[in-house]
Amino acid sequence: MRFRPLTTTGAAEPAPDSDRRSGRLHSRSAIGLLLAAGVALVVAFEPAPRALPMPTSGSYSEAKLQDALGRALVEYWQSGSRALPASLRALVDYWFEWHAVKVVISALLVIVLALLSTGLWQLYLRGRPWYAALATAATVSTVVVVWVLSVNVQVMALPLIPLLPLLPGRTADGKLAQVLSEMREGLTNSAGPHAGSPALTVLLGEVERYYWVTAAISATLVVAAGLASAYCWKRRIAGDPGASRVRFMHSTLGVVTALAAGLLLLETVGSATAAFDPAASLLGVLG
């Protein structure tokens, strides 16, 4: 964005054609539409995936999903095969579709929040200082939703492991508790009879791949956030010292993206550590 010479308030006046290039994102109608779209997407985030028919019972029910997952895992463990049974494969596909819906909603919400942040910062630069807090909140929300989007992409990539935390404490026939006990025994006792189970071998491989995918996505976001932070600080340093509002905007964006990069770096390290010890990670997933 180009700016004219500074006004007496320290804010920079936009160039005449900036409104045309930005689509007047700072207008009340645009801000209102973006807010309405953002609220609608947030409200739809949880109920929208529940509209997907479950593979066994049609309409969504958490209790039915947990029971179906417990029975499917028992069937997989007792099959003695590496291949997922049809019941478990159907649930994995369902969980993929569930998070595909969330990926679409999250991606749309990132776009809406990014546009809203831009419009609010424009209002702040035009001499409305009370918009700084709103613009900062919208910026932080954008960063958070980008992370939410990345999490749902990870689940889409390998949905089996993120599905396991939904396991109930037991199934109606009580077999799940025994299966989970045998799985834990196989993970903690390499000389035990269940350590070489084909199902356990597959699950360990899935856990390792899941955490490596998580680490790769997080590392990519670390680089993106770090570059964005460096760019904002460079713009702040190189800008006109008298343009206090422009400098404040760049400082805020630089801090937000730097903090995001730091948190994502911790996630990257944690995910890589979990990938190096899949047995401990699988134990944590199973509870």
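Here are some short exercises on this protein, each with a worked solution.

This is a predicted model, in which local features need pLDDT of at least 70, side-chain atom pairs count only at pLDDT 80 or more, and totals for chains, interfaces and linings use all residues. Residues are numbered from 1 along each chain as its sequence is written, and side-chain values use heavy atoms, with hydrogens and water left out.

**Exercise 1. Find how many helices and strands the protein has, and in which order they run.**

Start with the rule: helices (H or I, at least four residues) and strands (E, at least two) are DSSP runs, numbered from the N terminus. Counting in this way gives 11 helices and 2 strands. Next, read from the N terminus: the order is β-β-α-α-α-α-α-α-α-α-α-α-α. Finally, look at burial, where buried means under 20% relative accessible area, exposed over 50%, and partly exposed in between (1.4 Å probe, protein chains only). Of the 287 residues in the protein, 44% are buried.

**Exercise 2. Work out where the buried residues of α2 sit around the helix axis.**

First, check the helix itself. α2 covers residues 28-44, and its 17 residues reach 24 Å from first C-alpha to last, close to the 24 Å expected at 1.5 Å a residue. That expected span is 1.5 Å times one less than the number of residues. Now list the buried residues of α2: A30, I31, L34, G38 and L41. They lie on the same side of α2, because they cover an arc of only 100° around the axis. The arc is taken from the directions from the helix axis to the C-beta atoms. A general rule helps here: an α-helix has 3.6 residues a turn, so residues three or four places apart point the same way. On the other side of α2, the exposed residues are R28, S29, L33, V39 and V43.

**Exercise 3. Describe how α9 crosses α10, and what kinds of residue make the contact.**

Begin with the axes, which are lines fitted to C-alpha atoms, for helices over the stretch in contact, with angles from 0 to 180 degrees between N-to-C directions. The axes of α9 (residues 198-238) and α10 (residues 244-276) come within 7 Å and cross at roughly 160°. That makes α9 roughly antiparallel to α10. The cut-offs are under 35 degrees for roughly parallel, over 145 for roughly antiparallel, 65 to 115 for roughly perpendicular, and oblique for the rest. The contact residues of α9 and α10 divide into 20 nonpolar, 10 polar and 5 charged. Here Ala, Val, Leu, Ile, Met, Phe, Trp, Tyr, Cys and Pro count as nonpolar, Asp, Glu, Lys and Arg as charged, and the others, Gly among them, as polar.

**Exercise 4. Decide how α4 and α5 are oriented to each other.**

The axes of α4 (residues 62-79) and α5 (residues 86-125) come within 8 Å and cross at roughly 135°. The two helices are therefore oblique to each other. For α5, the 40 residues should span 58 Å, and the end C-alpha atoms are 58 Å apart, which agrees. Just after α5, G127 takes a positive phi of about 100°.

**Exercise 5. Is L163 buried or exposed, and how far is its C-alpha atom from that of L69?**

Locate L163 in helix α7 (residues 160-163). With a relative accessible area of 1%, L163 is buried. The C-alpha atoms of L163 and L69 are separated by 8.3 Å, although the two residues are 94 residues apart along the chain.
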